[in-house]
Amino acid sequence: MSLFRHKGRRVPQLHTTALPDMIFTILFFFIMVTHLRQVTLKVQYRVPQGTQLTKLAKKSTTTYIYVGHPLKVMKGIDSPKTCIQVNDKIMDCDMVTDYMVEERKRLLPEDREQMTVVIKADRHTEMETIGQLKQALRKAGALRIHYSAEKEI
């Protein structure tokens, strides 16, 4: 005969009162740290390598311009031609000027001086295309231009 009698063992119930708080905390964490891509790339580019790289300070006044070969053959555009993409649109230099003028108007007056354009160009892009793009940006008053590069190995 056993000294200890085990009555039917029961599994204790799980308290779920704090579960919604934990779920919302984790959800809030992932919302804060997730970076969502805002631009769908339509051009293919491989940035050149550089040795003296710096990070941008204020990204809210930054406009990204992608220069490279189109990913798909588009109507009226030959495949080997270099394309300029601003946001989700393929543009030529005149359209870039108009877009940047409008973008500059939308900014607050104190942010207009901090307006920065980052050119992410393919490493094999002709300098003629970059020169035309820079002239278009000058006409629009966008004088702070940065070039994107990856760190040299």
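Which residues of α4 are buried? In this predicted model, the buried residues of α4 are Thr-129, Ile-130, Leu-133, Ala-136, Leu-137 and Ala-140. They cover an arc of only 120° around the axis, which puts them on the same side of α4.

## Overall layout

The chain contains four helices and eight strands. Read from the N terminus, its elements follow the order α-β-β-β-β-β-α-α-β-α-β-β. Of the 153 residues in the chain, 27% are buried. Among contacts with a separation of 6 or more, 68% join residues 24 or more positions apart.

## Helix α4

Helix α4 consists of 14 residues. From its first C-alpha to its last it reaches 20 Å, close to the 20 Å expected at 1.5 Å a residue. The buried residues of α4 pack against β3, β4, α2, β6 and β7, the last of these being residues 144–147.

The other side of α4 carries the exposed residues Met-127, Glu-128 and Lys-139. After the helix comes Gly-141, with a positive phi near 85°.

## Helix α2

The buried residues of α2 are Cys-93, Val-96, Thr-97, Met-100 and Glu-103. Viewed down the axis of α2, these buried residues fall within an arc of 130°, so they line one face of the helix. An α-helix has 3.6 residues a turn, so residues three or four places apart point the same way. The face of α2 turned away from the buried side holds exposed Asp-94, Asp-98, Lys-105 and Arg-106. For the 14 residues of α2, a rise of 1.5 Å a residue gives an expected span of 20 Å, and the end C-alpha atoms are 20 Å apart, which agrees.

The buried residues of α2 pack against β3 (62–70), β4 (83–86), β5 (89–91), β6 (116–121) and α4 (127–140). One residue of α2, which spans residues 93–106, is Thr-97. Thr-97 counts as buried because its relative accessibility is 12%, under the 20% cut-off. Leaving out residues up to four places away in sequence, Thr-97 touches Ala-136, Lys-139 and Ala-140. Of these, Ala-136 and Ala-140 are listed among the buried residues of α4, whereas Lys-139 is exposed on the other side of that helix.

## Second largest pocket

The second largest pocket has a volume of about 160 Å³. Its lining is made up of Pro-48, Ile-119, Ala-121, Asp-122, Arg-123, Thr-125, Met-127, Ile-130, Tyr-147 and Ser-148. By class, the lining residues divide into six nonpolar, two polar and two charged.

Both β6 and α4 supply at least two residues of this lining. Met-127 and Ile-130 belong to the lining; Ile-130 is one of the buried residues of α4, while Met-127 is exposed.

## Gln-44 and Asn-87

Gln-44 sits in strand β1, residues 43–44. Its relative accessible area of 47% makes Gln-44 partly exposed. Apart from neighbours within four places in sequence, Gln-44 is in contact with Gly-68, His-69, Leu-71 and Asp-122. Asp-122 is also one of the residues lining the second largest pocket. Between Gln-44 and Tyr-66 there are 8.5 Å in space, C-alpha to C-alpha, and the two are 22 residues apart in sequence.

Asn-87 is placed in the loop between β4 and β5. The phi of Asn-87 is near 55°, a positive value in a residue other than glycine. With a relative accessible area of 35%, Asn-87 is partly exposed.

How values were computed
Residues are numbered from 1 along each chain as its sequence is written. This is a predicted model: local features need pLDDT of at least 70, side-chain atom pairs count only at pLDDT 80 or more; totals for chains, interfaces and linings use all residues. Side-chain values use heavy atoms; hydrogens and water are left out. Buried means under 20% relative accessible area, exposed over 50%, partly exposed in between (1.4 Å probe, protein chains only). Contact means heavy atoms within 4.5 Å. The expected span of a helix is 1.5 Å times one less than its number of residues. The arc is that of the directions from the helix axis to the C-beta atoms. On a 1 Å grid over the protein atoms alone, a cavity is a set of points where a 1.4 Å probe fits but cannot get out, and a pocket is an open set with protein on both sides within 12 Å along at least five of seven lines; lining residues have an atom within 4 Å of a point. Grid points are joined across faces, edges and corners, and a volume is the space filled by probe spheres set on the points. Ala, Val, Leu, Ile, Met, Phe, Trp, Tyr, Cys and Pro count as nonpolar, Asp, Glu, Lys and Arg as charged, and the others, Gly among them, as polar.
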